[in-house]
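Here is a quick tour of some side-chain contacts. Have the sequence and the model open as you read.

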Amino acid sequence: MKYVEPVRGALETPLLGGDVTDGVVRVGDTVRRPTNEQSDAVHAYLAHLERAGFDAAPRFLGMDARGREVLTYIEGEMAGRPLHSWAAGEGFLVAIARMQRRLHDCSANFALPHGAKWRAPETIEGVPPPYDVADVVGHNDITPENLICVNGKPVGIVDFDLAGPTTRLLDVIMTLVYWAPLADPADRDPMLRDVDAGRRIRSFADAYGLDAHDRERLLERALRRCMRAWHTMRLRAERDGGGWALMWAQGVGDKIRRSERWLVREREALELALRS
């Protein structure tokens with residue numbers, strides 16, 4: 001679908017903050033992004049979310065003359081890194097959980113159109129797959145940089161480059177990595193360094209409506225995610241370079257290992273908090 005420019009020669013403003021996608025710019029009330037191997041799938045997914053009434057994702061408008069995808073620009077500000085103080089409260093956490101639940105509910109019956117495909121999970125010898133059977137299409141990367149907020153409340157999720165089949169539980173865990181956070185205090189955002197992660201996991205699970213079966217598996221799957229994340233990040237750094245290599249050079253692998261050790265140490269207390 002070709003996008004018809006309403007104004008020729010409009011100013012392009014770089015949008016910074018992402019880790020692995022370069023060349024993202026704002027043009028008027030649109031965002032232009034380079035495509036990748038699963039762009040057709042993402043475009044169909046965004047169209048599905050629009051039809052389903054999910055109003056917190058950008059709309060796909062077509063392709064511009066330079067072959068870039070054109071998306072609606074969501075007005076607001078990023079939750080930020082370092083995190084804004086208003087984004088560290090439990091009310092904000094609850095709002096994220098409810099938004100993610102709406103996203104999952106709207107995504108559950110999405111089917112890819114003919115010819116579109118999702119990026120297959122990396123196959124790594126000796127490392128279990130990310131999930132057994134997918135039950136939803138998730139965003140997979142609800143970081144502070146990917147949440148757009150107005151008046152201290154999250155109103156939009158952007159950057160669907162890592163979207164794809166997953167499970168509700170795994171996508172929740174991916175969000176909790178940043179927002180509980182499931183991380184060693186030494187590696188947390190300053191605003192979340194001293195928070196009660198167990199309490200925040202419980203608040204998120206309650207607001208999302210996570211069932212008892214998933215609550216029982218959450219910490220075990222979080223540990224499995226850590227192991228896989230370390231191997232996946234190393235693989236992509238070595239193979240793909242770019243932002244992946246930069247993150248690896250900056251010590252993301254060490255952070256993942258510290259998170260894993262922290263989860264092992266705190267597992268019993270976190271599970272108790274989740275059940276209490």
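Is F160 buried or exposed? F160 counts as buried, at 4% relative accessibility (buried means under 20% relative accessible area, exposed over 50%, partly exposed in between, with a 1.4 Å probe and protein chains only).

## Ground rules

This is a predicted model, so local features need pLDDT of at least 70 and side-chain atom pairs count only at pLDDT 80 or more, while totals for chains, interfaces and linings use all residues. Residues are numbered from 1 along each chain as its sequence is written, and side-chain values use heavy atoms, with hydrogens and water left out.

## Aromatic contacts

The count of aromatic pairs comes to seven (ring centres of Phe, Tyr or Trp, the last by its six-membered ring, within 6.5 Å; planes under 30 degrees apart are stacked, over 60 edge-to-face, the rest tilted). Take Y45 and F160: they meet edge-to-face, 6.1 Å centre to centre with 65° between the planes. Y45 sits in helix 1 (residues 39–52) and F160 in the loop between strand 9 and strand 10 (164–166), so the pair ties together parts that are 115 residues apart in sequence. Helices here are DSSP runs of H or I with at least four residues, strands are runs of E with at least two, and both are numbered from the N terminus.

Y45 is buried too, with a relative accessible area of 0%. Y45 and F160 join F110 and W118 in one aromatic cluster.

## Charges over rings

R26 lies over the face of Y73, 3.7 Å from the ring centre (the rule asks for NZ of Lys or CZ of Arg within 6 Å of the ring centre and within 35 degrees of the ring normal). Over the ring of W230 you'll find the charged end of R257, 4.1 Å from the centre.

## Salt bridges

The whole structure has 28 salt bridges (a side-chain nitrogen of Lys or Arg within 4 Å of a carboxyl oxygen of Asp or Glu). R32 and E5 make one of them, at 2.7 Å from N to O. This pair links distant parts of the chain, with R32 in strand 3 (residues 30–33) and E5 in the segment before strand 1 (12–14), 27 residues apart. R32 is buried at 2%, whereas E5 is partly exposed at 23%. Both belong to a salt-bridge network with E12, D64, R66 and R68.

E271 and R267 also pair up, at 3.1 Å from N to O. Both lie in helix 7 (residues 252–275), four residues apart, about one turn of the helix.
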